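Here is my note for your reading of this entry, set out as numbered points. Please keep the model open while you go through them.

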Amino acid sequence: MALMWVIKCKAAVAWEPNKPVVIEEIEVAPPQANEVRIKIVATAVCHSDLYHLFEGMNKDGFPTVLGHEAAGIVESVGPGVTEFQPGDKVIPIFLSQCQECHLCKNPKTNQCAVAWTRIHQETMSAVESRFTCKGKRVLQFMGTSTFSEYTVVHQMAVAKIDPAAPLDKVCLVGCGISTGYGAAVNTAKVEPGSTCAVFGLGAVGLAAVMGCKAAGAKRIIAVDINPEKAEKAKVFGATDFVNPKDHDKPISEVLTEMTNGGVDYSVECVGNVQVMRSALESSAQGWGVSVIVGWTTLHDIAIQPIHLISGRTWKGSLFGGFKSKDGVPKMVKAYLDKKLKLDEFITHNMTLDQANDAIELMKNCKCIRAVMSVSPQ
């Protein structure tokens, strides 16, 4: 095994909640047993990064290095790692797949019993960290921390991908695109000829629109309060666009009237409990399926039991239902085979030094995906 050492490199450190990140020199320790050290080539800003920084704001979750939607190249591996070797192109994943637990072996779920023992849910950080900065331990956000030139990830949370894949594009598969696309295809199980509604047209929502189209939906209604999203939604397959602000009645009533009783499938990609309820109420009373994708831990949700008693199904979807190590390489292959759009999501190309600018673009809904180049490919 090659001699391994601490790497000093650049990272965007979030020292405290609701404050700009700071470009710092950090130390990244060598990978320990079953770990992989990765040179991050490209990383994107996802709303979950913003949620931790500006909404969740758990002070125990700082200092941290954000980022969980990325692609890179294996630099070194720790003892016991046989699946990866230096030079492999990989995507780190926030949702592990140990491939051995009862959940990993169950085809009905993409959850992993080991995954949540490695991540503190309340702080959204890994139990262990290989980062230090100015003598202080820095947390690893979601066990990935990709706003850094190098990171160390457990091999359960790394997917090896086709060496032909352009890392500055396929990085998006690490979270948002898989999450939205899979919510439609895997969780809702959208059927050919069906009618769908997607609430929220960020990258996840647009990916859900794309998933509905790939599954053969004949009508896809895109719902957002930003009228500028209408044209973008059509690029991914939307047939209609509805802005709730244009109507003086609840959006669920508008969609029910548009579809003669409600949509077959609705997908909520906002993370707002009121929108979750609207999405459920927009689905057809006797058979509608509504999927919650948007993340929040800040509020409870209230519904009328009759909305479910009458025949609707309400489901949740994490990472689009994909078993991560299995699903990510397949999504990358679909992109290489021109069966999946990725380029169209990228509205800004930036550098790690511009991390605060990229965060502001996302915070102010001025981008779909801002991809930061971190290291040369």
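1. Lys 39 stands opposite Ile 73 in strand β5, and this pair is a good place to begin in what is a predicted model. The strand β5 covers residues 69-77, and eight bridges join it to β3, with the two strands running antiparallel.

2. How many bridges pair β3 with strand β11 (residues 150-154)? There are five, and the pairing is again in the antiparallel sense; within β11, Thr 151 is the bridge partner of Ile 38.

3. A further antiparallel partner of β3 is strand β20, made up of residues 369-373, to which β3 is joined by three bridges. Here Thr 43 has Met 372 in β20 as its bridge partner.

4. Is strand β3 largely enclosed or not, and why? Of the 10 residues in this strand (residues 35-44), 10 are buried, so β3 is largely enclosed by the rest of the structure; buried here means under 20% relative accessible area.

5. Asn 18 deserves a separate look, as a residue of the loop between β1 (7-14) and β2 (22-28). Its relative accessible area is 44%, so Asn 18 counts as partly exposed, a class that lies between the limits of under 20% for buried and over 50% for exposed.

6. Which residues does Asn 18 touch, if those up to four places away in sequence are not counted? They are Leu 53, Phe 54 and Met 57. As for Ala 370, which is 352 residues apart from Asn 18 along the chain, the C-alpha atoms of the two are separated by 20 Å.

Technical notes. Residues numbered from 1 in each chain as written. Predicted model: local features only at pLDDT ≥ 70, side-chain atom pairs only at ≥ 80, totals over all residues. Heavy atoms only, no water. Buried < 20%, exposed > 50% of the residue type's maximum accessible area, 1.4 Å probe, protein only. Helix = DSSP H or I, 4+ residues; strand = E, 2+ residues; numbered from the N terminus. Pairing = 2+ DSSP bridges. Contact = heavy atoms within 4.5 Å.
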